[in-house]
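Student: I have a chain open on the screen and would like to go through it feature by feature. Where should we begin?

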Amino acid sequence: MQKIANKPRDKFEVHLDEMLMKLQNCQQDKSCKSCSICELYFECELRHDYVKAVYNSMSKGDTGGFEF
């Protein structure tokens with residue numbers, strides 16, 4: 001992810017970047033271009049954790065709605 005206007009990255013953005021790297025490594029290890037073609041798609045804890053990291057990076061850890 002890129003910084004916008006030299007804005008410091010918060011812990012949610014840092015965690016999201018880490019989760020993205022883990023997810024991409026998993027896809028590469030399994031020779032998958034997408035999680036959706038993996039047989040573990042619905043049971044995958046890594047993918048579930050990545051989705052939570054995306055949500056948390058948008059909501060900054062707050063529960064409820066978030067703004068784009």
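Tutor: Begin with what counts as an element: helices are DSSP runs of at least four residues and strands are DSSP runs of at least two, numbered from the N terminus. Keep in mind that this is a predicted model.

Student: With that rule, how many helices and how many strands are there in the chain?

Tutor: One of the helices, H1, covers residues 11-29. Helix H2 covers residues 45-59. The count for the chain is two helices and zero strands.

Student: Are H1 and H2 roughly parallel or roughly antiparallel?

Tutor: The axes of H1 and H2 come within 9 Å and cross at roughly 155°. Angles over 145 degrees count as roughly antiparallel. Therefore H1 is, relative to H2, roughly antiparallel.

Student: Is the crossing of H1 and H2 left-handed or right-handed?

Tutor: The handedness depends on which way the near helix is turned from the far one, with anticlockwise by less than a right angle giving a left-handed crossing. For H1 passing H2, the crossing is left-handed.

Student: By class, how many nonpolar, polar and charged residues has the contact of H1 with H2?

Tutor: H1 contributes Phe 12, His 15, Leu 16, Met 19, Leu 20, Lys 22, Leu 23 and Cys 26. From H2 come Leu 46, Arg 47, Asp 49, Tyr 50, Ala 53, Val 54, Asn 56 and Ser 57. Sorted by class, the contact has three charged, three polar and 10 nonpolar residues.

Student: Take His 15 from that contact. How far is His 15 from Asn 56, C-alpha to C-alpha?

Tutor: His 15 lies in helix H1 and, at 36% relative accessibility, counts as partly exposed. Asn 56 is among the H2 residues that make the contact. The two are 41 residues apart in sequence, and their C-alpha atoms are separated in space by 9.2 Å.

Student: Ser 57 is in the contact as well. Is Ser 57 buried or exposed?

Tutor: Ser 57 lies in helix H2. Beyond its neighbours within four places in sequence, Ser 57 touches Phe 12 and Leu 16. Its relative accessibility is 11%, and the cut-off is under 20%, so Ser 57 counts as buried.

Student: Now the loop between H1 and H2. Which residues is Cys 32 in contact with, leaving aside its neighbours within four places in sequence?

Tutor: Cys 32 lies in that loop. With a relative accessibility of 17%, Cys 32 counts as buried. Outside the four-place window, its contacts are Gln 27, Ile 37 and Cys 38.

Student: Cys 35 is in the loop too. What separates the C-alpha atoms of Cys 35 and Gln 24?

Tutor: Cys 35 lies in the loop between H1 and H2 and is buried at 16% relative accessible area. Apart from neighbours within four places, Cys 35 is in contact with Leu 23, Gln 27, Tyr 41 and Arg 47. Gln 24 is 11 residues from Cys 35 along the chain, and the C-alpha separation is 9.3 Å.

Student: What is the phi of Ser 31?

Tutor: Most residues other than glycine have a negative phi. Ser 31 sits in the loop between H1 and H2 and counts as exposed, at 67% relative accessibility. Ser 31 is not a glycine, yet its phi is positive, about 55°.

Student: Which residues form the aromatic pair?

Tutor: A pair of aromatic rings is described by the distance of the centres and the angle of the planes. The count comes to one aromatic pair. Its centres are 4.9 Å apart and its planes stand at 80°, which is edge-to-face; the residues are Tyr 41 and Phe 42.

Student: Of those two, what is the relative accessible area of Phe 42?

Tutor: Tyr 41 lies in the loop between H1 and H2, is in contact with residues including Cys 35 and Arg 47, and is partly exposed at 25%. Phe 42 is exposed, and its relative accessible area is 72%.

Student: For the chain as a whole, what percentage of the residues count as buried?

Tutor: Buried means under 20% relative accessible area. Ser 57 at 11% and Cys 35 at 16% are among the residues that qualify. Of the 68 residues of the chain, the buried share is 16%.

Technical notes: Residues numbered from 1 in each chain as written. Predicted model: local features only at pLDDT ≥ 70, side-chain atom pairs only at ≥ 80, totals over all residues. Heavy atoms only, no water. Axes fitted to C-alpha atoms, helices over the stretch in contact; angles between N-to-C directions. Parallel < 35°, antiparallel > 145°, perpendicular 65-115°, else oblique. Contact = heavy atoms within 4.5 Å. Nonpolar A, V, L, I, M, F, W, Y, C, P; charged D, E, K, R; others polar. Phe/Tyr/Trp six-rings, centres within 6.5 Å; stacked < 30°, edge-to-face > 60°. Buried < 20%, exposed > 50% of the residue type's maximum accessible area, 1.4 Å probe, protein only.
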